[in-house]
Structures are given as C-alpha cells and as structure tokens.
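Q: Please take a close look at one side chain on the surface of this model, and then work inward from there. I would like the reasoning behind each burial label spelled out.

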Amino acid sequence: MADDIPLFEETINELKAEFEKGLEDLRSLRGPQHAEVVTRLEASAKKMRKVLANYKYQVRSIKDPLQKATYDKKYREHDQDLANYEKELRSCKDTGSSSTGPTSAEPESPMYQTSDQVLCQAITIQDQSLAAVKRTQQMATACEVTGNEINVELRKQTERAAEVQERIHTLEGELKRAQREMVYFVRSAAGDKCFLLLVVLVVVAVVFIICWKIWGKNFSSSSSPSTPTPAVNATSAVANTLTAVLRPKR
C-alpha cells in the first residue's frame, strides 16, 4: 500500500503550488476577482485535507518502522503547511472583505463559520434526522399493517386448506365404501354365475338321464318283447327327477 504514497505526494505538491500562487494573487486583487480566488483556494484546502487523510491512512499501514517514521514526518510537514495556508487565506479574506462583499454563492467553509452558524447547521441536521426517523416509523407502521393483513389472509388460507383436507378424507371414505360394495357386487355376480352353471349342469344331467332311461327301456323292450315299457312310467320318472332337483331345501 506504500506504492500509493508517491501519488499522494505529487497531488499535495500540486495543491501547495496552487496555494502559493493563489495567495500571491490575493495580495494584489480586489473585488470579484479576489472573491473568486478565495473560493478556489477554499476548495483546494478541502481537497488537500482529504488527500492528507488518505496519506495518513497509508502511512499507518506501513510495516517497516523506518519507512513509516519517514513518511509520518512528511505528513506532519504537509499538515503544518496546510495550516499555514489556511491561516494566510483567512487573513487575505478578511483584508478584502470590505471591498469584495459576499465572496461566493456557495455555502461558507466550516473553518470560517461562527458558532451560531454551526449551531444552525446542527439544528437543521437534527430536524432532518427527526424527519427521517418519522418516515422510518411510518414505513414500519405500514409494514406492520401489511404483515397483519398477510397473517389474516394466511389464517383464512389455512382454514380453507383444513376444509379441503376434511373433504378429501370424506371422499376417501366414500371411495372405500364404494369399493366394498363393488367387491360385494362382483362376488354376488360370481355366485350367481356359479349357480346358473350348476343349474345348467343339472339340466344337462337330467336330460342325459332321461335319454338314457328312454333308450335303455327301448333297447330292453326290443330285446325282451314280453316286458312292457309304457311311456307313462318314463314321464313320471322325468317329473319326479326334476321335482327332486329343483325342490328348494328347507
């Protein structure tokens, strides 16, 4: 960081040269020109004060004690020169104030302000700070109101979500009941199919038995003509068989 110090040295030397030339001009100038030079030198004094502050910060960051002591000595010399320039500038300004009048439309430098002016500026700054605090309080109040509204809306949304969840649970119960009824219906349909199949098998079996009976009787009659085979007996046998199969059990 010590590499920046030569740049500060160069800037300070330029400002010193400008001060010396300006102070020399002030001794011979009067009127508006005198006021213009004073204003320019006041601006140069502010600039030099800022450069010296940066210069001092750079000097403090140097780790080498010898180099630090050297630059610190130069800083003190520059600071003393600036104080002398400001003192001579005040003297020249007071000398030309009787003929120059107001020197500039810009605000007066703090180094030339009276205690009343400093107090007025302090009061102004305090008023501005109070106004800023009030604005901050208003913003905080507005944020609080907005936060309350958001909380109310979130509460409503939470209640709606709870209602939706309850409806979902109800719908799940209805779906489970419908599923049970569907299973019961499928089982009932399967039982009905089994019953119909059983009836078909019984009918087929009965038809087979009837056919077998008729064909067996006819075959026996043809082989033994002496044995009678009346059709009434076959019909009675079929009727009795169907009655026995289709009769419900008690």
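**From a surface side chain to the core**

A: V207 counts as partly exposed because its relative accessibility is 43%, and the partly exposed class lies between the buried limit of under 20% and the exposed limit of over 50%. The model is predicted, and the values that follow are computed from it. V207 is located in helix α4, which covers residues 115-223. On the surface, V207 belongs to a nonpolar patch together with F195, L196, V199 and V203. The accessible area of these residues together is about 440 Å². A figure of 43% for V207 is consistent with membership of such a patch, because patch residues need over 30% relative accessible area and no salt bridge.

The chain around this patch is helical. Its secondary structure amounts to five helices and zero strands, and the pattern along the sequence reads α-α-α-α-α. Of its 250 residues, 18% count as buried. The accessible surface is about 19300 Å², and carbon and sulfur atoms account for 60% of that area. Among contacts with a separation of 6 or more, 74% join residues 24 or more positions apart.

Next come the charged side chains. Side chains of opposite charge can pair when their charged atoms come close. Under the distance rule used here, the chain has seven salt bridges. One of them joins R40 and E18, with an N to O distance of 3.9 Å. R40 sits in helix α2 (residues 32-60) and E18 in helix α1 (residues 5-26), so this pair ties together parts that are 22 residues apart in sequence. The distance of 3.9 Å qualifies because the rule accepts nitrogen within 4 Å of a carboxyl oxygen. R40, at 36% relative accessibility, is partly exposed, and E18, at 30%, is partly exposed as well.

Another salt bridge joins E86 and R49, with an N to O distance of 3.4 Å. Here E86 belongs to helix α3 (residues 65-100) and R49 to helix α2, so the bridge ties together parts that are 37 residues apart in sequence. With a relative accessible area of 10%, E86 is buried, whereas R49 is partly exposed at 35%.

D72 and R76 form a further salt bridge, at 3.1 Å from N to O. Both are in helix α3, and because they are four residues apart, about one helical turn separates them. D72 is partly exposed at 26% relative accessibility, while R76 reaches 57% and counts as exposed. Salt bridges with shared partners also link R49, D79 and E86 into one network.

E18 has a second polar partner to consider, S44. S44 lies in helix α2, and its side chain makes a polar contact of 3.0 Å with that of E18. S44 is buried, since its relative accessibility is 5% and the label requires under 20%. Neighbours within four places in sequence aside, S44 is in contact with L15, E18 and F19.

F19 leads on to the nonpolar interior. The largest nonpolar core contains 24 residues, and F19, L26, L41, M48 and Y55 are the ones with the most contacts inside it. Helices α1, α2 and α3 are the elements that contribute two or more residues to this core, and α2 contributes the most, with nine. Y55 has contacts with I5, F8, E9, I12, Y71, K74 and Y75, leaving aside neighbours within four places in sequence.

In short, V207 is a partly exposed residue of helix α4 within a nonpolar surface patch. Further inward, R40 and E18 are joined by a salt bridge, and S44 makes a polar contact with E18. F19, a contact of S44, is among the residues with the most contacts in the largest nonpolar core.

Methods: Residues are numbered from 1 along each chain as its sequence is written. This is a predicted model: local features need pLDDT of at least 70, side-chain atom pairs count only at pLDDT 80 or more; totals for chains, interfaces and linings use all residues. Side-chain values use heavy atoms; hydrogens and water are left out. Patches are made of residues with over 30% relative accessible area and no salt bridge: like charges are joined within 9 Å, nonpolar side chains (Val, Leu, Ile, Met, Phe, Trp, Tyr) within 5 Å. Accessible areas come from the Shrake-Rupley method with a 1.4 Å probe; for residues, only the protein chains shown count as cover. A salt bridge is a side-chain nitrogen of Lys or Arg within 4 Å of a carboxyl oxygen of Asp or Glu. Buried means under 20% relative accessible area, exposed over 50%, partly exposed in between (1.4 Å probe, protein chains only). Contact means heavy atoms within 4.5 Å. A polar contact is a pair of N or O atoms within 3.5 Å; within protein, one must be able to donate a hydrogen and the other to accept it, and residues adjacent in sequence count only if both atoms are side-chain atoms. A nonpolar core is a set of buried Ala, Val, Leu, Ile, Met, Phe, Trp, Tyr and Cys residues joined through side-chain atoms within 4.5 Å.
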